[in-house]
Amino acid sequence: MLIDRSLFRTVGRRQLLARSGAGFGILGLSSLLGQAQAAHKPARAKHVIHIFLNGGISQVDTFDPKPTLDKYDGKPYPGGDLKTERKTGALMRSPFSFSRHGQSGLPVSELFPHLAKLIDQICVVRSMTTLIPNHEPSMLMMNTGHVQTGRPAMGSWLTYGLGSENQNLPGFIVLSPGAPVVGAPLWGSAFLPSSHQGTLIGTNAKDPRDAIAYLKSPNSGQHQSEQLALARALDEARATTSGGDPQLDAHIKSMEVAFRMQSEAPEAFDLSREDPRTLALYGEGAFARSCLLARRLVERGVRSVQVYFDKGNPWDHHDDIFLHRRHARTSDQPIAALLTDLGRRGLLDETVVVIGSEFGRTPVVEVGQGGPGGIRSASGRDHNPFGFTVLLAGAGIKGGQAHGATDEFGFKAVKDVMDVHDLHATLLHLFGIDHTRLTYRFAGRDYRLTDVAGRVIGGLLNDGHAG
């Protein structure tokens, strides 16, 4: 139950919360002060790992097969020209074969043989939709619940609401070989206290410890402790006379976490400590390192971990959908290894794993510009926000099922349609959070991750209960 906002004037910390916009419920209070965590209802998840295959993975070539495309390959789409971002042509069958797997018999493309073996653990959401067929707004939507910058990321909302189980590491960590499109706003805390923003760790280096800025401080631990003590004393003195500064307090909190990271982060990011069999399970490469690090981080109590496939928009295959094969070869084994590794360590029961892109791709071929010779027909697909696939697994998720459906061509969601707000509401529900009550007052209004929409989708949950 949330505490009435007026009660925060009675809370200590030198009247800090009284000056912080009066927007904190008991969720935000627990995260700021590092006290007992609180939720609205019993939680099934403690951690989330979001695997972001940035660029737009094609649903009809991976987890949503459409036999009708085989029948009408090369023929015009019956509904006329599809209104997507670019000019499109005739229907195009998937060049990849599908087969059924597991007790559920769910079909999976030949591109993902490792994930196919785990399909009974996975909920295949085939009816996701978003608003805009452009990368930047769609990536912001999937991460922050809004198509424009200036909103907190889901990981920031979670750490604001629930804190982190490890005070020596950031509660929200982002792993990526390079910067994806949009960059920092995808994991920023926006108007939430800055201590809740995501911490970006590059995974290009074979030793991820090399990517953590300032991990090795030139100052002694004693000297740093004295600096932080002085900063806290000055903050307390200011708070006594003027009511405090929440941004200053958040900055000091970030400095304290950074200081404590110097003792714990080297061990957490040291992959040489892993058993050789575990390293072999994940395979090699930056994305494999990211997936393994994600497991190590949730194992150490990090609340939210996000893994980007690579910099830019690597899955954005406008010209040649066959490039999906190359990227699937890089991603399939590490993702399957992550699910397997979490499961055998007992972590999958408390970690929800989200796998997907900012949107999908069209069932028709994209028609590109062929230079001086004019128009050419490519073997690629354009962006599709009207119906695409997201995979869910782990804590509270009912695996071995396909939820929702697109039309017979795989273009538009037509059954059990979900939007991004529904996904976010359901994920928060797994953490015991009522998405309508996790709010922060800013600029004269209450904000939340799901804006003014969102439904908890009971069909995704292993008990089917959305309340």
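1. The bend at a residue is the angle between axes fitted to the seven residues ending there and the seven starting there. In this predicted model, helix α10 bends by about 30° at R329.

2. Length can be checked for helix α10, which covers residues 323-344. With 22 residues at 1.5 Å a residue, the helix should span 32 Å, and the C-alpha atoms at its ends are 33 Å apart, so the two values agree. After α10 comes G346, a residue with a positive phi, near 75°.

3. Now the chain as a whole. The chain has eleven helices and 20 strands. Of its 467 residues, 55% are buried. Among contacts between residues at least 6 apart in sequence, 77% join residues at least 24 apart.

4. Which residues have the most contacts inside the largest nonpolar core? They are I51, L53, F112, L115, L175, F269 and V305, in a core of 51 residues. Helix α9, residues 286-299, gives the largest share of this core, with eight residues. There is also a second, separate core of 47 residues, and V48, V354, F431 and L461 are among its members. As background, nonpolar side chains tend to be buried together in soluble globular proteins.

5. Two residues show what such contacts look like. L115, one of the residues with the most contacts inside the largest core, is in contact with F63, I122, D332, I335, A336, L339 and L391, leaving aside neighbours within four places in sequence. A294 is in helix α9. Its relative accessibility is 0%, and buried means under 20%, so A294 counts as buried. Apart from residues up to four places away in sequence, A294 touches I49, L175, V305 and V307. The C-alpha atoms of A294 and L342 are separated by 9.8 Å, while the two residues are 48 residues apart along the chain.

6. Is helix α5 mostly covered or mostly open? It is mostly covered, since nine of its nine residues are buried. The buried residues in α5 include M154, W157, L158, Y160 and L162. G163 follows α5 and has a positive phi, near 70°.

7. Next, the enclosed spaces. The model has four cavities of 30 Å³ or more. The largest cavity holds about 110 Å³ of space. It is lined by 15 residues, and H50, N143, M154, G155 and Q306 are the closest to its centre. Several elements each supply at least two residues of this lining: β1 (47-52), α4 (135-144), α5 (154-162), β8 (304-308) and α11 (420-430). M154 and G155, just listed by the centre of the cavity, are also buried residues of α5.

8. What lines the second largest pocket? The lining consists of K206, L271, L279, Y282, G283, E284, G285, A288, R289 and L292. Two elements, α8 (276-282) and α9, give two or more residues to it. The largest share, three residues, comes from α9. About 190 Å³ of space lies in this pocket. Helix α9 therefore has two parts to play in this note: it gives the largest share of the largest core and the largest share of this lining.9. Two residues other than glycine have a positive phi. One is V182, with a phi near 85°. V182 is in the loop between β6 (172-176) and β7 (199-202). Its relative accessibility is 29%, so V182 counts as partly exposed. The other is D416, with a phi of about 50°, in the loop between β17 (413-415) and β18 (418-419). D416 has a relative accessible area of 44% and is partly exposed. Both values fall between the cut-offs of 20% and 50%.

10. A last point concerns D316, which lies in the loop between β8 and α10. Leaving aside neighbours within four places in sequence, D316 is in contact with G55, H135, R361 and H383. For R361, the separation from D316 is 45 residues along the chain, and the C-alpha atoms of the two are 8.9 Å apart.

Definitions and conventions: Residues are numbered from 1 along each chain as its sequence is written. This is a predicted model: local features need pLDDT of at least 70, side-chain atom pairs count only at pLDDT 80 or more; totals for chains, interfaces and linings use all residues. Side-chain values use heavy atoms; hydrogens and water are left out. A nonpolar core is a set of buried Ala, Val, Leu, Ile, Met, Phe, Trp, Tyr and Cys residues joined through side-chain atoms within 4.5 Å. Buried means under 20% relative accessible area, exposed over 50%, partly exposed in between (1.4 Å probe, protein chains only). Helices (H or I, at least four residues) and strands (E, at least two) are DSSP runs, numbered from the N terminus. Contact means heavy atoms within 4.5 Å. The expected span of a helix is 1.5 Å times one less than its number of residues. On a 1 Å grid over the protein atoms alone, a cavity is a set of points where a 1.4 Å probe fits but cannot get out, and a pocket is an open set with protein on both sides within 12 Å along at least five of seven lines; lining residues have an atom within 4 Å of a point. Grid points are joined across faces, edges and corners, and a volume is the space filled by probe spheres set on the points.
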